[in-house]
Every structure is written in structure tokens, then in C-alpha cells.
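Here are my notes on the ligand site and one group of aromatic rings. Have the structure open as you read.

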Amino acid sequence: MKTCRTVSELKNAISERRSLGSVGFVPTMGALHAGHASLIERCRAENATVVASVFVNPTQFNDKNDLKNYPRTEEADAALLESKGCDIVFMPSVEEVYPEPDTRVFDFGTIGAVMEGAHRPGHFNGVAQVVSRLFDFVNPDKAYFGEKDFQQIAIIKSMCKQLGLTLEIVECPIVREADGLAMSSRNTLLSPEQRAAAPVIHMTLAASVARKEWADVEETKKWVKEQIDSNNMLKVEYYDIVDSLTLCSVDSWEHDGSIYGCIAVQVGDVRLIDNIRYK
Ligand code: AMP
């Protein structure tokens, strides 16, 4: 595996391999776990060249402490990527990615305004800034994203449309711990007590699916919030049940189209997100 620190190293390394076939790309912020590994494995199976990036993007953090505390495990990340058959990893400095401040402002309409968009102002603009730059550097045929960040996938697809990018966005299922907690780099920041409480999030979402048979959407939202909030380690920031494409709230299970429940929960200082498919 080749490690590139600069954009020109990265571009050279990719151009040497482009004639081999398709280039697949997995952008990450590091502190890699089995969720990231699943994206690399899928990318490996579907492309001649696998490129990953490890970059904690400052422009997508609306909370300075979150940026400061974000786990950084560069050596372990490189070892995991290499073991999964990654060909090229891009580990740049902030100055390399942003030689000038990025002042672009994206407009994603409703999909950027609800849920994470409403609670993390500027977050998706920062995501679009960094992912569009990385796509420009790598020029991948396919890029791989996890469904844990459900709304992010909608944002990336919209960004590609707006910028006229034709690469394929591949959506990969959520990888969970044995107790159901969605894997996340932020899980390492939980205290043992918080870690023990956190599986309640997925357990509750999973249990709520059966309630479709007798409870309506509003009752189900209320029930999920109450169940989770009844644990004193957990505080629901939002729980919404939405159309999978528009991300608008639905008011009935009869809604035409696929329905997901999306949640953000504050666990002490750590903010976790998860989602579940209702239909
Ligand atoms: P991050 O490093 O958190 O920015 O995540 C990089 C990519 O890995 C994103 O596309 C995430 O959606 C994906 N990812 C993170 N956690 C998981 C997980 N538990 N299962 C599947 N994909 C994940």
C-alpha cells in the first residue's frame, strides 16, 4: 500500500494504476473500525484500484470540542487498510486539502435542512466541500459510503448532481457491534457506563418496527423517544420517521415509498446517530 501525503503524490499514484481498470474510493475520517473495513472490502471486490482517505475535515465540525476530541489512530488505520488490500491511502494535512479557505456554499434544500442539517449547522456544507475536493483529487469511478450516515448519502448524491459528477455512489449496510450498537469512531469516547447504555438505541429502534402493526407514526416516534430517554445516560436530540428520498417526515405507514427512522442521541459529551428501515 502506498501512503500519499500530498495531492500530487496521490494523483501520480492513481495515474500509474488507472490503466488496470476502475478506481474505487472510500473517504474516511480515520479511527477505523469494522464498519470502515466493510466499505474497503466491498471496494476491493468491485475495483482494480482501491483508494482510501483518512482526513479529519475541520470544515464539517460545528462543535470545536468534537473536532479536538475526535480520535486519531493513524498507524492502526494504515495497518487495517493494508490488511484489507487497499492500494493507496491519502493522509493529507489540512493545508494540503485547503490551501485557501473553501468559501463555497451549497444549497441542498430540504434534505440539508432537516435532522442533522437542523442540529449541526454548516455540517453538510463542510461534508460537501471536502468530498467534492477529494472526488476532484481521486476522480473515482465509484465511491463507497455507509448507511449509518443515512442523510449524508442523500447529500453526496445531490452534490454529485449539482456538480455534474457521474461517478457511482455505492451505499453499504450498517455494521454493528454484537450488542447492536452501530459501529462508530466516537464509540471509543464513551465511558464504560455510557458504552453499556448505548445499545438501547438500536434495541429500541429495532423493537419499534413491530409497532407498525398497531401504533401510528406519531405514537411510534413518541415511544422511541420515551424508551431511550428513560435511560439516564441517554438523551434523544431528535427522532424522525422520514421518506427515504425526500427525508420529509411521513405521517402514515401507508406512505408511498420507503420509510426510515433516523435518530441522534447525546450520550454525555458524545453524540451518536443511527437509523432503521420501517419499509
Ligand atoms: P467516518 O470516518 O465516520 O467519516 O465514516 C467514513 C465512512 O464510513 C462513511 O461513509 C460512513 O458512513 C461509513 N461508516 C461509519 N460507520 C459505519 C458503520 N458502522 N457501518 C457502515 N459504514 C460505516
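1. For residue classes, Ala, Val, Leu, Ile, Met, Phe, Trp, Tyr, Cys and Pro count as nonpolar, Asp, Glu, Lys and Arg as charged, and the others, Gly among them, as polar. On that basis the shell around the ligand has 9 nonpolar, 5 polar and 2 charged residues.

2. Before going on: this is a predicted model, where local features need pLDDT of at least 70 and side-chain atom pairs count only at pLDDT 80 or more, while totals for chains, interfaces and linings use all residues. Numbering runs from 1 along each chain as its sequence is written, and side-chain values use heavy atoms, with hydrogens and water left out.

3. Which residues are closest to the ligand? Met-29, Gly-146, Asp-149, Val-175 and Met-183, out of 16 that surround the ligand (a heavy atom within 4 Å). Helix or strand-wise (DSSP runs: helices H or I, at least four residues; strands E, at least two; numbered from the N terminus), α2 gives the most to the shell, with 3 residues.

4. The backbone does some work here: a polar backbone atom of Met-29 sits 2.9 Å from a ligand oxygen. Ligand nitrogen atoms lie 2.9 Å from a backbone N or O of Val-175 and 2.8 Å from one of Met-183.

5. Now the rings. Phe-25, Phe-135 and Phe-145 are linked into a cluster by ring pairs (centres within 6.5 Å; planes under 30 degrees apart are stacked, over 60 edge-to-face, the rest tilted). Phe-135 is buried, at 5% relative accessible area, and Phe-145 is buried too, at 4% (buried means under 20%, exposed over 50%, partly exposed in between; 1.4 Å probe, protein chains only).

Definitions and conventions
A polar contact is a pair of N or O atoms within 3.5 Å; within protein, one must be able to donate a hydrogen and the other to accept it, and residues adjacent in sequence count only if both atoms are side-chain atoms. Rings of Phe, Tyr and Trp (its six-membered ring) pair if their centres lie within 6.5 Å; planes under 30 degrees apart count as stacked, over 60 as edge-to-face and the rest as tilted.
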